[in-house]
Amino acid sequence: MTPETNAWDGAGKRLYLQEVGTRDGFQMESVFIPTEDKIALIDQLSDAGLAKIEATAFVSPQAIPALRDAEIVLREIRRQPGVVYTCLVPNKRGAERAIEARADELNLVISTSETHNIANLRMTREQSFAALSEVITMARQAKVPVNVSLSCAFGCPMEGDVPADVVLGWAARFLEQGATGITLCDTTGMAYPSQVRALVADFRQRFPQAGLTLHFHNTRGMGLANVLASIAAGADRFDASLGGLGGCPYAPGASGNVCTEEIVHALQLMGYDTGCDLPLLLLAAARLPGLVGHDVPSQLLKAGQRLDLHAPPADFASWRDRALARDQPQTAVS
């Protein structure tokens, strides 16, 4: 088994945060965010120390009109050295578009649940595997790395638990095809810490050389706990969404992905090195309500950082003086 770490004491351990709000978050919004605003936000995030940014998705404009400007976004962002700009692609045509637009990485998606895969992608898992295998072959020829996101790795809202052997079996098949990384996705927020720790440990033991990312949603309020459980089992890469944007159509009422600035805030307080500039992330998050037209889930954006102190009440001085006066010795009157 992978040696467990003390997730409560970061001791300078390096962790890598990967922003997905500009794809996973924006695709759920009913309004079209202007292209220039997307580019400006990604540029701001590029300066904030994130390891990877999922900039957009090369999908049908009819299916997801919110991301119909994928080529322009990917071509016109300012690329920060060291940041990986990845894009979701569903098929060969999407891969061709992404490669032409100079994506640093392609992110492919398949569900470990047959029911969810058919409901979400209109294909069986084997049909998805065959189609995505062709994408991996194309990407390898173009020398573009491929990451495969395994949806419902911690449970399916229609089938229930997905056996760990099934999840790891799909990971093995894609790694054998040439994928360089795997993301285990808690698509509808069904994961819980002991389950997460066990699956991550099993993955690290079976595929010690493979890149591993964890993708959690905060649907049932266990997002941060699941991140810490992953760290304890040896994980060091996490997807997160600025402002906590996101969601899933198969989890009605669900909140979005774990919130980037909240996760960074917590991990930095615990001594981890996230490489992120938290004030810059908060400035970027503050732009979101104006872009999407509604409030965002981020509690950190509302409350501020732990040591963002506040001035005492306006009448504090008078109450202090009265309190101190009560401690003064009384002078006897003869």
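Two strands count as paired here if DSSP finds at least two bridges between them. In this predicted model, strand β2 (residues 52–57) and strand β3 clear that bar, with 5 bridges joining them in the parallel sense. One spot to look at along this pairing is Glu54, which sits opposite Thr86 of β3. Strand β3 itself covers residues 84–88 and is mostly tucked away, with 4 of its 5 residues buried.

On to the other neighbour of β3. Strand β4 (residues 105–111) also runs parallel to β3, this time over 3 bridges. Thr86 turns up again here, standing opposite Glu105 in β4. Thr86 therefore faces Glu54 of β2 as well as Glu105 of β4, with a pairing between strands defined by at least two bridges.

How do the strands connect? Going from β2 to β3, the chain takes in helix α3 (residues 70–76), and the three elements make a right-handed β-α-β unit. From β3 the chain then crosses through helix α4 (residues 92–100) to reach β4, and this β-α-β crossover is right-handed too.

Next come the enclosed spaces. The count gives 1 cavity of 30 Å³ or more, and the largest cavity has a volume of about 90 Å³. Its lining is made up of 13 residues, and those nearest the centre are Gln18, Lys52, Thr86, Asn107 and Asp239. So what elements give two or more residues to this lining? They are β1 (16–19), β2, β4 and β5 (146–151). Thr86, already met in the strand pairings, is thus among the residues nearest the centre of the largest cavity. By class, the cavity lining holds 1 nonpolar, 7 polar and 5 charged residues.The open side of the picture is the largest pocket, which offers about 820 Å³ of space. A total of 33 residues line this pocket, and the closest to its centre are Arg23, Gln27, Leu88, Asn120 and Leu121. Two or more lining residues come from each of α1 (21–25), β4, α5 (114–121), α6 (125–141) and β5. Helix α5 gives the most, with 3 residues. Sorted by class, the pocket lining has 16 nonpolar, 12 polar and 5 charged residues. Strands β4 and β5 appear in both lists, giving two or more residues to the lining of the largest cavity and also to that of the largest pocket.

Notes
Residues numbered from 1 in each chain as written. Predicted model: local features only at pLDDT ≥ 70, side-chain atom pairs only at ≥ 80, totals over all residues. Heavy atoms only, no water. Buried < 20%, exposed > 50% of the residue type's maximum accessible area, 1.4 Å probe, protein only. Right-handed = clockwise from strand over helix to strand, strands pointing away. 1 Å grid on protein atoms, 1.4 Å probe; cavity = no way out; pocket = protein on both sides within 12 Å on 5 of 7 lines; lining within 4 Å. Points joined across faces, edges and corners; volume = space filled by probe spheres on them. Nonpolar A, V, L, I, M, F, W, Y, C, P; charged D, E, K, R; others polar.
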